[in-house]
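Dear colleague,

I am passing on the structure we spoke about, together with some notes on what turned up when I went through it. Please look at the model below before you read on.

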Amino acid sequence: ARRLRTDQSIDPVLYGLHVNGRLAVIYSPHGLSTGWELADSPYCAGLTAEDSIKLGVNILTHSLLQ
C-alpha cells in the first residue's frame, strides 16, 4: 500500500486451486517473490517486501498445518 501512496489497507490478490478438496496451489498475479528476495521490481503492484514476507509466512504456515 505504501507504494500506491495510500494509508488504507489493500488486500492482496490471491487465487487457489483445490485438488481433492484440499488447497494445492496458491497463485498471485503480482509477483510476491520479488518481496521475498528483498529486491525491488516494477511488478510488485504496491506490495512492499515486508508485506510480501508476511504473506509468505502466512501461506507457508497454512500449508504446514493442513
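Does lysine 54 count as buried, exposed or partly exposed, and at what relative accessibility? Lysine 54 counts as partly exposed, because its relative accessibility is 47%. Please keep in mind, here and in everything that follows, that this is a predicted model.

Overall layout

The protein has 2 helices and 2 strands, and, when one reads along the sequence, these elements follow the pattern β-β-α-α. Of its 66 residues, 20% count as buried, while the protein exposes about 5,200 Å², of which carbon and sulfur atoms supply 56%. As for the contacts between residues at least 6 apart in sequence, 32% of them join residues at least 24 apart.

The salt bridge

Lysine 54 brings us to the salt bridge, of which the structure holds 1. The partner of lysine 54 is glutamate 50, and the closest N and O atoms of the two are 3.2 Å apart. Both residues lie in helix α2, which covers residues 49-65, and they are 4 residues apart, or about one turn of the helix. Glutamate 50 has a relative accessibility of 42%, so this residue counts as partly exposed.

The strands and their aromatic pair

The structure also holds 1 aromatic pair. The rings of tyrosine 15 and tyrosine 27 have their centres 6.3 Å apart and their planes at 25°, and the pair is therefore stacked, since planes under 30 degrees apart count as such. This pair links distant parts of the chain, with tyrosine 15 in strand β1 (residues 15-19) and tyrosine 27 in strand β2 (residues 22-27), 12 residues apart. Tyrosine 27 counts as partly exposed, because its relative accessibility is 47%.

Both tyrosines belong to a nonpolar patch on the surface, which is formed by Val13, Tyr15, Leu17, Val19, Val25 and Tyr27 and which has about 540 Å² of accessible area together. Strands β1 and β2 each supply at least two residues of this patch, and it is β1 that gives the most to it, with 3 residues.

Between the two strands there is a detail of the backbone that you may wish to look at. Asparagine 20 is found in the loop between β1 and β2, and this residue has a positive phi of about 55° although it is not a glycine. Most residues other than glycine have a negative phi. Asparagine 20 is exposed, because its relative accessible area is 79%.

The loop after the second strand

Two residues in the loop between β2 and α1 deserve a careful look. One of them is serine 28, which is found in that loop, before α1 (33-36). With a relative accessible area of 15%, serine 28 falls under 20% and is therefore buried. Its side chain reaches the backbone oxygen of valine 13 at 3.1 Å, and, if one leaves aside its neighbours within four places in sequence, serine 28 is in contact with Val13 and Leu14.

The other is leucine 32, which is found in the loop between β2 and α1 as well and which is buried, with a relative accessible area of 8%. Not counting residues up to four places away in sequence, leucine 32 touches Leu14, Leu47, Ser52 and Leu55. As for leucine 55, it is 23 residues apart from leucine 32 in sequence and 8.5 Å apart from it in space, C-alpha to C-alpha.

A buried serine in the second helix

Which residues does serine 52 touch, not counting residues up to four places away in sequence? Serine 52 touches Leu32, Gly35, Trp36 and Leu47. This serine lies in helix α2, the helix that also holds glutamate 50 and lysine 54. Serine 52 counts as buried, because its relative accessibility is 2%, whereas glutamate 50, at 42%, counts as partly exposed.

With kind regards

Note on methods:
Residues numbered from 1 in each chain as written. Predicted model: local features only at pLDDT ≥ 70, side-chain atom pairs only at ≥ 80, totals over all residues. Heavy atoms only, no water. Phe/Tyr/Trp six-rings, centres within 6.5 Å; stacked < 30°, edge-to-face > 60°. Buried < 20%, exposed > 50% of the residue type's maximum accessible area, 1.4 Å probe, protein only. Patch = residues over 30% accessible without salt bridge, like charges linked within 9 Å, V, L, I, M, F, W, Y side chains within 5 Å. Areas by Shrake-Rupley, 256 points an atom, 1.4 Å probe, with all protein chains shown as cover. Salt bridge = Lys/Arg side-chain N within 4 Å of Asp/Glu carboxyl O. Polar contact = N/O pair within 3.5 Å; in protein donor to acceptor, adjacent residues only side chain to side chain. Contact = heavy atoms within 4.5 Å.
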